[in-house]
Every structure is written in structure tokens, then in C-alpha cells.
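Here is a briefing on one protein chain. Please look over the sequence and the structure before reading on.

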Amino acid sequence: MENRIKLKVLGITYSQIQNGAYALVLAEEEGPHRIPIIIGTAEAQAIAIRLEHLVPPRPMTHDLFVSFAHAFGIRLVEVFIYKFEDGVFSSELLFDDGERQIRVDSRTSDAIAIALRSQAPVYTTPEIVEEAGIIFDETPEETNNDDTEREDTPKKRTLKDFTIQELQEQLEKAIDDEAYEIAAQIQQEINRRNENPGRC
């Protein structure tokens, strides 16, 4: 078990492969590989609201699970993504109650959602990183040029066009409507503005 790779959660994006699905993007903590995992809408919501530190009006299933475990003194030690076969990732949760440790099989999306709430580390094998990992070539210069070329074309109003007050109102509405993917995108834009106030 020593030969493992620690992963971090980069975020959620729309799946380019499967309509109506999302891609959970994991990354080597010390390395260039990215691992996209196709997940459903409910799981994407659960992960996105935690990544953006949003507070839903009612506890979600993963919140309830973590609260239940903590109430009985059970701690999540780690998540281990141990198998990748036919495009499906298999994971297990390692729990500790102070006297014994128990491994529980889990869907990877659920395991990540619980790990984020428990601040537990996520690991996988070098073999899975090599087989399922992708190294992206980022070319921001080209993206900027494309944006310049499209300046004369009509644009739809995007989050960047809203004021901070409008974004806050939209965020509250999205949370009330339980549209957590949208809420996460709005929160990202608010965070970006707070981090770079002079550029907004």
C-alpha cells in the first residue's frame, strides 16, 4: 500500500463525452496528470457545493452520512481508488472507530463527496494514473486571441457582466432553487472578483 499516489479535487465540469453528465476532475498532488471521472448530476451537485463552501437550506445525503458517522465516533481515514476497469472506477472508504478499521466499497463520486466533507485524503495507484490520467496542454495565449477575434460579434450576458450585488442575488436564488451547479459557478465568479478587485 506504500506505492500510492495522493490526489486532489480540481473541480467539476460539463462532460464532453456524455450528455447530461459531469466530469469530476482529480489531479496528482505532485504531478501533471489529471483524471476525469464521469458522474451524475446529483453527485456533481454534492461535490460542487462543498468545493465552493455553499450551505444548502437542508442537509444533503452526504452531509447526513458524515454527521451520522461523527455522532458515533467514526472517522473517515481515507478514500482509495483501487481499480479502473471498462471505464469504471472502483473505490473504498477506510473508517476508524478508535478500536478497529473497516473498509467499505463505494462509488467514487460518493466517496469523493464524503471525503471533502470529512477532509480525508484521496489516493490511487500509479497504474490507474497511467491508464486513466491525462496531461493537458494549456495554451491561454491562443484562448485570448480567439476572444479578441470575436469582439465584434453579439454576446450573451455572462456572469462576468453582472455586478457583485446581482451575483449575490443570483447566488441566493440558485441555492433556494437547489440549483447547486449554477450556484457553484456564481460563487467562483464572486471569489474571482474578491481576489482581483482591481481587474473587475
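The points below cover the overall make-up, the core, the strands, the salt bridges and the aromatic pairs.

The model is predicted. The protein has 7 helices and 7 strands. Buried residues make up 40% of its 200 residues.

**Overall make-up**

- Along the sequence, the elements run in the pattern β-β-β-α-α-β-β-β-α-β-α-α-α-α.
- Among contacts in the protein with a separation of 6 or more, 52% join residues 24 or more positions apart.
- The exposed surface of the protein comes to about 13000 Å². Carbon and sulfur atoms supply 48% of that surface.

**Nonpolar core**

- The largest nonpolar core holds 38 residues. Leu26, Ile35 and Leu76 have the most contacts inside this core.
- Helix H3 gives the most to this core, with 5 residues. H3 spans residues 108-118.
- Which residues does Ile35 contact, leaving aside its neighbours within four places in sequence? They are Leu7, Leu24, Val25, Leu26, Phe89, Val129, Ala132 and Gly133. Leu26 in this list is also one of the residues with the most contacts inside the core.

**Strands E2 and E3**

- Strand E2 covers residues 22-28 and pairs with E3 in the antiparallel sense, over 6 bridges.
- E2 and E3 form a hairpin, with 5 residues between them.
- Within this pairing, Ala27 stands opposite Arg34 in E3.
- Side chains alternate along strand E3, residues 34-39. Ile35, Ile37 and Ile39 point to one face and are buried. Arg34, Pro36 and Ile38 point to the other face and are not buried.

**Helix H1**

- H1 covers residues 41-51. Its buried residues are Glu43, Ala44, Gln45, Ala46, Ile47, Ala48 and Ile49.
- His53 follows H1 and has a positive phi, near 60°.

**Salt bridges**

- How many salt bridges are there in the protein? The count comes to 9.
- Side chains of opposite charge can pair when their charged atoms come close.
- Glu43 and Arg107 form one of these bridges, with their closest N and O atoms 2.6 Å apart. Glu43 sits in helix H1 and Arg107 in strand E6, residues 101-107. The pair links distant parts of the chain, 64 residues apart.
- Is Glu43 buried or exposed? Glu43 counts as buried because its relative accessibility is 13%, under the 20% cut-off. Its partner Arg107 is partly exposed, with a relative accessible area of 47%.
- Asp63 and Arg117 also meet in a salt bridge, at 2.6 Å from N to O. This pair links helix H2, residues 61-71, to helix H3. Asp63 and Arg117 are 54 residues apart. Arg117 is buried, with a relative accessible area of 8%.
- Arg103 and Glu78 form a salt bridge at 3.9 Å, N to O. Arg103 lies in strand E6 and Glu78 in strand E4, residues 75-85, so the pair ties together parts that are 25 residues apart in sequence.
- Arg103 is partly exposed, with a relative accessible area of 41%. Glu78 counts as buried at 8% relative accessibility.
- Arg103 and Glu78 belong to a wider network: salt bridges that share partners join them with Arg4 and Glu92.

**Aromatic pairs**

- The protein has 4 aromatic pairs. One of them is formed by Phe65 and Phe95.
- A pair of aromatic rings is described by the distance of the centres and the angle of the planes.
- For Phe65 and Phe95 the centres are 6.1 Å apart, and the planes make an angle of 50°. The pair counts as tilted.
- Where do the two residues of this pair lie? Phe65 lies in helix H2 and Phe95 in strand E5, residues 88-96, so the pair ties together parts 30 residues apart in sequence.
- Phe65 counts as partly exposed at 38% relative accessibility. Phe95 counts as buried at 11% relative accessibility.

Methods. Residues are numbered from 1 along each chain as its sequence is written. This is a predicted model: local features need pLDDT of at least 70, side-chain atom pairs count only at pLDDT 80 or more; totals for chains, interfaces and linings use all residues. Side-chain values use heavy atoms; hydrogens and water are left out. A salt bridge is a side-chain nitrogen of Lys or Arg within 4 Å of a carboxyl oxygen of Asp or Glu. Helices (H or I, at least four residues) and strands (E, at least two) are DSSP runs, numbered from the N terminus. Buried means under 20% relative accessible area, exposed over 50%, partly exposed in between (1.4 Å probe, protein chains only). Contact means heavy atoms within 4.5 Å. Accessible areas come from the Shrake-Rupley method with a 1.4 Å probe; for residues, only the protein chains shown count as cover. A nonpolar core is a set of buried Ala, Val, Leu, Ile, Met, Phe, Trp, Tyr and Cys residues joined through side-chain atoms within 4.5 Å. Two strands pair if DSSP finds at least two bridges between them. Rings of Phe, Tyr and Trp (its six-membered ring) pair if their centres lie within 6.5 Å; planes under 30 degrees apart count as stacked, over 60 as edge-to-face and the rest as tilted.
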